[in-house]
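Reader: I am new to reading protein models, and I would like to go through this one step by step. Could we begin with its surface?

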Amino acid sequence: MAWFLPARRYVAAMPLLCLSAALLLAPARLSIAADGPAPFVPQFDKDDRLTFPADYREWVYVTTGLDMAYGPAMRMGHSMFDNVFVNREAYLAFKQTGTWPEKTTFVLEVRGAADKGSINKSGHFQTPDVMGLEVHVKDTARFHNDGWGFYSFDTDKATPPPAEQLPVEQSCYSCHRDHGAVDTTFVQFYPTLFPVAADKKTLSAAYLAEKH
């Protein structure tokens, strides 16, 4: 018995073999797609309060600041780190366009800073203590002021309860609107995304004027 097909029969059988292989692989591909994470969408309860995105630490990390202040410096007697995360879908869209899509969600995580511990002899490192959690959401249908809403969450509980939107009179809105490099966000402090905005020419006129 021959262990190969004559050339003509082999060529004729190729499409059938390829089709069979494709049909066999299709369920596996569908399974992989179904098992992947669903796109993030901010969730609001019946009272229009934002549900805290508990898995934000699995998002894309964009920057960390140490003792940053946008107004007159305040003496707090301790240092703090500000870590910023953004949902992956928004990050990938920004890399392509230099702008933030609808439903973009940032989490600002404030952690304590320590200078004594283990083998550290100088500088600061982050501690497990979460001192603040703030969320910034883009939803132009919901937020009619400039399309963004700010939320501050209680850090005393392992799972922060839903939070109400901060009033638009608070300074965070005007500060971001007047000084944010892209769409009211501080991309000027995001080292891997600022070059994208500069290349795509999406830096705000206000930021460019302030820069010079």
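Reader: How much space lies in the second largest pocket?

Author: This is a predicted model, and its second largest pocket is lined by P37, A38, P39, F40, D55, E58, W59, N87, R88 and E89. The space that lies in this pocket comes to about 230 Å³.

Reader: By class, how many residues in the lining of that second largest pocket are charged?

Author: Among the lining residues are D55, E58, R88 and E89. By class, the lining has five nonpolar residues and one polar residue, and the charged ones number four.

Reader: Where does Y70 lie?

Author: Together with M68 and F189, Y70 forms a nonpolar patch on the surface, with about 300 Å² of accessible area together. Along the chain, Y70 lies in the loop between β1 (60–66) and β2 (80–86).

Reader: Why is the sulfur of C172 not in a bond with that of C175?

Author: A disulfide is a covalent bond between the sulfur atoms of two cysteines. The structure holds zero disulfides. The sulfur of C175 is the closest cysteine sulfur to that of C172, yet they are too far apart for a bond because the distance is 8.5 Å.

Notes
Residues are numbered from 1 along each chain as its sequence is written. This is a predicted model: local features need pLDDT of at least 70, side-chain atom pairs count only at pLDDT 80 or more; totals for chains, interfaces and linings use all residues. Side-chain values use heavy atoms; hydrogens and water are left out. Patches are made of residues with over 30% relative accessible area and no salt bridge: like charges are joined within 9 Å, nonpolar side chains (Val, Leu, Ile, Met, Phe, Trp, Tyr) within 5 Å. Accessible areas come from the Shrake-Rupley method with a 1.4 Å probe; for residues, only the protein chains shown count as cover. A salt bridge is a side-chain nitrogen of Lys or Arg within 4 Å of a carboxyl oxygen of Asp or Glu. Helices (H or I, at least four residues) and strands (E, at least two) are DSSP runs, numbered from the N terminus. On a 1 Å grid over the protein atoms alone, a cavity is a set of points where a 1.4 Å probe fits but cannot get out, and a pocket is an open set with protein on both sides within 12 Å along at least five of seven lines; lining residues have an atom within 4 Å of a point. Grid points are joined across faces, edges and corners, and a volume is the space filled by probe spheres set on the points. Ala, Val, Leu, Ile, Met, Phe, Trp, Tyr, Cys and Pro count as nonpolar, Asp, Glu, Lys and Arg as charged, and the others, Gly among them, as polar. A disulfide is a pair of cysteine sulfur atoms within 2.5 Å.
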